[in-house]
Amino acid sequence: MPPNYALITAKLLELNRLIAPEVLLPALCDEAIDLVQSDPYAFCLATCLDRGMNADVVWTFPYWIKRDLGHLDPFRIARMSLDELDAMLRRLPKRPRYINAAPRTIHEISHIVAREFGGKAERIWQGRPAWEVQRTFESVHGVGPGIASMALQLIEKGFGYHFSDEDHRHMDIKPDVHTVRVLYRLGMGDAPTVEQALASARELHPEYPGELDGALWHIGRTWCTAQAPSCGACHMGEVCVRRLTPGARAPG
């Protein structure tokens with residue numbers, strides 16, 4: 001059966017409205033969740049370190065860094081050498097996956113916050129168009145378009161900031177393993193690829209493709225897992241091609 005685009009979009013937007021910010025900013029302890037939700041610099045640190053790791057660990061990094069250093073001051077962290085940053089990261093309970101690149105990532109985002117935005121990380125997005133904010137994040141070592149797109153969505157969801165309608169038309173999902181898998185299983189596209197996922201989100205919701213990101217990611221982590229998905233409990237069960245037409249799609 002062909003996918004029902006309008007119903008899929010409506011169900012995803014419905015779920016997106018129901019998802020609390022802390023669901024999209026998970027961490028290993030309440031203090032870490034509170035930190036990334038209340039401190040824009042902590043949010044930026046975690047965002048830029050989000051590469052190939054469990055989200056709960058990624059969003060805990062700022063808390064561990066603050067606990068190790070005794071502060072989370074972008075000016076002081078920007079003055080640390082790469083060797084000092086490397087030593088600090090190796091003392092943490094868990095290390096970034098790309099440990100050799102992480103010191104430079106932290107140095108560059110801290111330098112941007114301290115030198116370009118006066119230590120106020122929220123100025124990265126306040127009063128600026130989305131494309132400029134995305135370009136700022138992409139200027140940090142190791143941060144690609146996917147992470148930068150995710151940052152834009154989380155700034156709106158977590159900090160209550162709203163980009164313009166014109167911005168929204170150009171704001172994409174982050175095509176990670178979860179969003180790619182879910183869109184493919186919903187019947188969108190011929191293959192579970194980044195390119196197909198981006199095109200599918202744009203086709204489903206051209207006014208704001210990225211608005212689908214949080215719901216897709218949450219579905220992928222909660223129900224539509226790579227192995228043994230919980231189709232019966234999934235929010236998208238009534239519109240999912242894979243569930244309604246058994247055998248029509250490979251697991252993906």
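**Figure 1. Ala228 sits in the loop between helix H15 (213-222) and helix H16 (241-244).** This close-up comes from a predicted model. What is the phi of Ala228, which is not a glycine? The angle is positive, at about 50°. For background, most residues other than glycine have a negative phi. Is Ala228 buried or exposed? Ala228 is exposed, because its relative accessible area is 67%, and the cut-off for that label is over 50%.

**Figure 2. Cys240 and Cys231, two cysteines without a bond between them.** The closest cysteine sulfur to that of Cys240 belongs to Cys231. Why is there no bond here? The two sulfurs are 6.1 Å apart, so they are too far from each other for one; a disulfide would need them within 2.5 Å. As for solvent, Cys240 counts as buried, since its relative accessibility is 11% and the label applies under 20%.

**Figure 3. Cys48 and its nearest cysteine neighbour.** How many disulfides does a search of the whole structure find? The count is 0. Cys48 fits that picture: it is in no disulfide, and the nearest cysteine sulfur, in Cys44, lies 6.3 Å away. Just to keep the chemistry in view, a disulfide is a covalent bond joining the sulfur atoms of two cysteines. Cys48 itself is buried, with a relative accessible area of 0%.

**Figure 4. Thr47 and its contacts, seen from helix H4 (residues 40-49).** Thr47 is part of helix H4. How much of Thr47 is accessible, in relative terms? The value is 0%, so this threonine is buried. Which residues does Thr47 touch, once those up to four places away in sequence are set aside? The list runs Trp59, Phe137, Ile147, Met150 and Ala151.

**Figure 5. Zooming back out to the whole chain.** The protein chain has 16 helices and 0 strands. Its C-alpha atoms fill a box of roughly 60 × 40 × 30 Å along the principal axes. The radius of gyration is 19 Å, which agrees with the value near 18 Å for a compact globule of 252 residues. Of those 252 residues, 53% count as buried. Among contacts with a separation of 6 or more, 66% come from residues 24 or more positions apart. The accessible surface is about 11,200 Å², and carbon and sulfur atoms own 50% of that area. On the charge side, there are 28 positive and 31 negative side chains, with the centres of the two sets 5 Å apart.

Conventions. Residues are numbered from 1 along each chain as its sequence is written. This is a predicted model: local features need pLDDT of at least 70, side-chain atom pairs count only at pLDDT 80 or more; totals for chains, interfaces and linings use all residues. Side-chain values use heavy atoms; hydrogens and water are left out. Helices (H or I, at least four residues) and strands (E, at least two) are DSSP runs, numbered from the N terminus. The radius of gyration is taken over C-alpha atoms; the globule rule is 2.2 Å times the number of residues to the power 0.38. Buried means under 20% relative accessible area, exposed over 50%, partly exposed in between (1.4 Å probe, protein chains only). Contact means heavy atoms within 4.5 Å. Accessible areas come from the Shrake-Rupley method with a 1.4 Å probe; for residues, only the protein chains shown count as cover. Lys and Arg count as positive and Asp and Glu as negative; His and the chain ends are not counted. The place of a charge is taken as NZ of Lys, CZ of Arg, CG of Asp or CD of Glu.
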